[in-house]
Amino acid sequence: MRVTVIGTGYVGTVTGACLAYFGHRVTCVDTDAQKIQKLRRGEMPIYEPCLAELLGLASARGGIDFTTELGTPAVESDVIFIAVGTPPLPTGEANLCYLEAAARGIGASMDDRRFRVVVNKSTVPVGSGNLVDTLVREGIEEAHPGDRKRIRFGVASNPEFLREGSAIADSLYPDRIVLGAGEDCTLQVLRELYEPLVAQSFPAPAFLPRPATVTQVSVVTTTLTSAEMIKYAANAFLAVKIGFANEVANICERVGAEAPEVMTGIGLDARIGASFLKPGLGWGGSCFGKDVQSLMHTSREYGYQSRLLEAALEVNRAQRQLAIQKLQEKLFILKGRTIGLLGLAFKPETDDLRDAPSLQIAERLLQMGTRVKAYDPIAMLACRENYPTLKIQYCESPEDAAQDADALLLVTEWKEFARLDLAGLAQRMARPILVDGRNLFDPEAARQAGFDYCGIGRPQRAAQHNGVAEHGRNGANLVPA
Ligand SMILES: NC(=O)c1ccc[n+]([C@@H]2O[C@H](COP(=O)([O-])OP(=O)(O)OC[C@H]3O[C@@H](n4cnc5c(N)ncnc54)[C@H](O)[C@@H]3O)[C@@H](O)[C@H]2O)c1
């Protein structure tokens with residue numbers, strides 16, 4: 001099939017690459033000429049593992065190209081995806097201006113030569129499918145007055161569930177595909193489009209073998225409204241789940257329990273599940289915060305106040321502040337001290353800094369008169385470019401960040417940090433204090449390396465209990481898998 005994808009961000013580029021890899025002919029469109037130039041040169045505008053490799057294969061299979069002009073690709077396409085940003089407005093409401101421009105542009109580009117499906121992949125509030133329908137019609141009316149009745153199209157919602165950092169694997173081997181539309185002819189086009197994905201009939205790329213458990217992908221077909229709601233409900237649930245883990249970790253710290261072990265203990269219950277139960281400095285990224293706020297905004301519009309979602313946001317806000325509190329507990333005075341941050345990206349394997357806890361923590365520390373050094377394997381360039389007012393001293397290595405620092409704060413759990421020579425780091429510091437905001441390190445190993453260590457929900461008292469357990473007096477010595 002001929003496909004256009006509007007927006008070449010984290011979602012659009014990955015969607016385009018996967019569809020072309022399945023054998024469709026794809027054109028990706030973006031208003032950002034610099035991004036398009038980069039993609040044409042084979043350079044990646046974002047850091048996403050395996051994306052460059054998949055784009056290489058996609059060109060050879062279905063074929064993929066990049067342009068700033070929507071007109072020709074849209075007119076030639078059977079399916080047009082909208083994958084533009086929907087950032088939050090100060091009110092929490094989703095800013096739909098990019099979606100609106102894309103929908104009008106699609107309308108203006110249509111003719112009566114074929115039936116086209118306009119698919120909304122951006123995360124949008126309930127009712128946006130109807131808005132897209134109206135805007136496409138208005139675009140048609142403006143560009144071809146009088147032809148409106150002869151130009152046929154359907155609108156669908158196909159929310160995206162990829163995770164940055166594992167976006168390609170998530171898109172080739174998803175848990176499910178959600179398709180929402182009002183008419184069966186619209187759904188039929190999407191069933192055909194996704195057939196290779198649903199049947200898993202495409203050859204797995206050598207760099208991302210198909211997991212043995214993936215044989216077919218479940219498809220949920222539903223209404224536009226329910227599809228839009230599924231996306232918000234999924235993100236809200238995950239945000240609440242992490243918030244719950246953090247809430248319990250804060251109680252663990254007070255009563256002397258080991259939060260990671262408590263999470264292992266509850267996560268083994270099939271009704272609960274082990275993922276998204278890691279206590280830490282809270283979630284960040286471009287989705288959870290904005291989607292939870294947008295869902296709260298929608299529910300307020302309908303006269304309903306979601307206390308659970310409000311609490312999830314509040315718990316997350318406080319969790320970021322916990323990093324500062326822990327540094328204050330260790331150092332008392334932060335003014336004039338030097339803190340080394342390990343990690344800036346909102347999570348490992350991405351360069352995305354949108355709503356990253358590191359930014360808020362660095363900003364607060366700087367406001368308090370603290371010197372902030374930082375090292376991140378990938379996100380430093382993006383941080384320097386996108387947040388120029390943040391006066392962070394960027395470092396060449398974790399060792400450089402530790403040099404003469406009064407404390408180290410681990411913010412992002414990059415794998416390479418787990419392999420650091422802790423004793424070597426401790427020796428470089430003015431004070432060997434380590435606040436492990438993601439519970440990456442073994443507390444005992446960190447202490448033996450010379451660190452005054454603290455994690456999240458891991459009180460020192462529990463470490464003493466474990467010491468007893470190692471000597472065989474406590475049968476409940478859980479070792480997290
Ligand atoms: N990033 C994620 O992990 C993720 C996951 C699931 C869903 N989503 C949702 O997908 C949508 C896109 O997210 P993203 O992270 O890819 O955003 P992004 O900001 O990385 O990319 C959006 C792109 O759209 C382009 N754009 C804006 N208006 C345009 C227009 N009229 N025509 C052409 N291009 C236009 C921008 O230039 C930008 O390159 C959002 O609604 C987001 O909530 C994101």
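Which residue caps the N-terminal end of helix α2 (residues 33–40)? Asp 32 does that job, as the first close-up shows.

This is a predicted model, where local features need pLDDT of at least 70, side-chain atom pairs count only at pLDDT 80 or more, and totals for chains, interfaces and linings use all residues. Residues are numbered from 1 along each chain as its sequence is written, and side-chain values use heavy atoms, with hydrogens and water left out.

**View 1. The two ends of helix α2.** A side-chain oxygen of Asp 32 lies 3.1 Å from the backbone nitrogen of Gln 34. Just after α2 you'll find Gly 42, with a positive phi of about 85 degrees. Helices (H or I, at least four residues) and strands (E, at least two) are DSSP runs, numbered from the N terminus.

**View 2. The ligand and its shell.** There are 27 residues around the ligand, and Asp 30, Lys 35, Thr 86, Glu 164 and Lys 290 come nearest. To count as near, a residue needs one of its heavy atoms within 4 Å of the molecule or strand in question. Sorted by class, the shell has eleven nonpolar, eight polar and eight charged residues. Here Ala, Val, Leu, Ile, Met, Phe, Trp, Tyr, Cys and Pro count as nonpolar, Asp, Glu, Lys and Arg as charged, and the others, Gly among them, as polar. Helices α1 (10–21) and α5 (97–109) each supply at least two shell residues; the largest share, three residues, comes from α5.

**View 3. Holding on to the ligand's oxygens.** The side chain of Asp 30 has an N or O atom 2.6 Å from an oxygen atom of the ligand. For Lys 35, a side-chain N or O atom is likewise 2.6 Å from a ligand oxygen. Arg 354 joins in with a polar side-chain atom 2.9 Å from an oxygen atom of the ligand. Taken alone, the ligand exposes 840 Å², and the protein buries 88% of that. Those areas come from the Shrake-Rupley method with a 1.4 Å probe; for residues, only the protein chains shown count as cover.

**View 4. A six-stranded sheet.** This open sheet runs in the order β11-β10-β9-β12-β13-β14, with parallel pairing. β11 (393–394) and β14 stand at the edges with a single partner strand each, so one side of each has no neighbour in the sheet. Two strands pair if DSSP finds at least two bridges between them. Strand β9 (residues 338–342) and β12 pair over four bridges, with Leu 341 partnered by Leu 409 in β12.

**View 5. Zooming in on strand β13 (residues 433–436).** Three bridges join β13 to the parallel strand β12 (residues 407–410), and Val 435 is the bridge partner of Leu 409. Three bridges also link β13 to β14 (residues 452–454), where Ile 433 stands opposite Asp 452. Ile 433 and Val 435 point one way, Leu 434 and Asp 436 the other, and all are buried. Buried means under 20% relative accessible area, exposed over 50%, and partly exposed in between (1.4 Å probe, protein chains only).

**View 6. Ser 294, tucked into helix α12 (residues 288–301).** At 2% relative accessibility, Ser 294 counts as buried. Its side chain makes a polar contact with the side chain of Tyr 232 (2.9 Å). A polar contact is a pair of N or O atoms within 3.5 Å; within protein, one must be able to donate a hydrogen and the other to accept it, and residues adjacent in sequence count only if both atoms are side-chain atoms.
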